[in-house]
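Student: Could you take me through one part of this protein in detail, and then set that part in the context of the whole chain? I would like a connected account rather than a list.

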Amino acid sequence: MINKESSNIGEVRENIVVPLLENKLHISKIIKIYTNYIVKNKNELINDISSYIEDDTLNVILIPRNDYIDIETRYEI
């Protein structure tokens with residue numbers, strides 16, 4: 001994943017409650033797929049990936065290729 005210049009990175013968030021006026025919206029899952037990026041902290045991740053994991057989350061810093069990152073977002077409500 002980290003060594004390739006072109007691949008996908010996905011971010012998954014589950015069980016999110018959003019206050020919406022008088023109601024609450026429960027989203028069971030949000031999936032974001034990132035493409036068209038370069039991993040900015042690639043060398044650091046390869047050398048010591050454990051130091052970039054916090055609260056079971058891998059902190060990958062992405063920078064855009066061609067001035068933008070494609071983000072596809074899928075919701076399960």
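Tutor: What follows is a close look at strand 2 and its partners, then at Leu58, and finally at the protein overall. Please keep in mind throughout that this is a predicted model.

Strand 2 covers residues 23-35, and strand 1, covering residues 9-20, pairs with strand 2 in the antiparallel sense over eleven bridges. If you want a place to fix your eye within this pairing, take Val12, which stands opposite Ile31 in strand 2. The two strands form a hairpin with two residues between them, and in that turn Leu21 has a positive phi of about 55°.

Strand 2 also has a second partner, for seven bridges join strand 2 to strand 7, made of residues 70-76, and these two strands run antiparallel. Here the pair to look for is Thr35, which stands opposite Asp70 in strand 7. Strand 2 is thus joined both to strand 1, through eleven bridges, and to strand 7, through seven.

Turning to another element, strand 5 consists of residues 57-58 and includes Leu58. Leu58 counts as partly exposed because its relative accessibility is 32%, and the partly exposed class lies between the cut-offs of under 20% for buried and over 50% for exposed. Leu58 and Asn41 are 17 residues apart along the chain, and their C-alpha atoms are separated by 12 Å.

To place these parts in the whole, the protein contains one helix and seven strands, and from the N terminus on the order of its elements is β-β-β-α-β-β-β-β. Of the contacts with a separation of 6 or more, 56% are accounted for by residues 24 or more positions apart.

As for overall dimensions, the C-alpha trace spans about 45 × 30 × 15 Å along its principal axes. The radius of gyration of the protein is 15 Å, whereas a compact globule of 77 residues would have one near 11 Å. Buried residues make up 16% of the 77 residues, and the protein exposes about 6100 Å², of which carbon and sulfur atoms supply 48%. Finally, the protein carries 9 positive and 13 negative side chains, and the centres of these two sets lie 4 Å apart.

Technical notes:
Residues are numbered from 1 along each chain as its sequence is written. This is a predicted model: local features need pLDDT of at least 70, side-chain atom pairs count only at pLDDT 80 or more; totals for chains, interfaces and linings use all residues. Side-chain values use heavy atoms; hydrogens and water are left out. Helices (H or I, at least four residues) and strands (E, at least two) are DSSP runs, numbered from the N terminus. The radius of gyration is taken over C-alpha atoms; the globule rule is 2.2 Å times the number of residues to the power 0.38. Buried means under 20% relative accessible area, exposed over 50%, partly exposed in between (1.4 Å probe, protein chains only). Contact means heavy atoms within 4.5 Å. Accessible areas come from the Shrake-Rupley method with a 1.4 Å probe; for residues, only the protein chains shown count as cover. Lys and Arg count as positive and Asp and Glu as negative; His and the chain ends are not counted. The place of a charge is taken as NZ of Lys, CZ of Arg, CG of Asp or CD of Glu. Two strands pair if DSSP finds at least two bridges between them.
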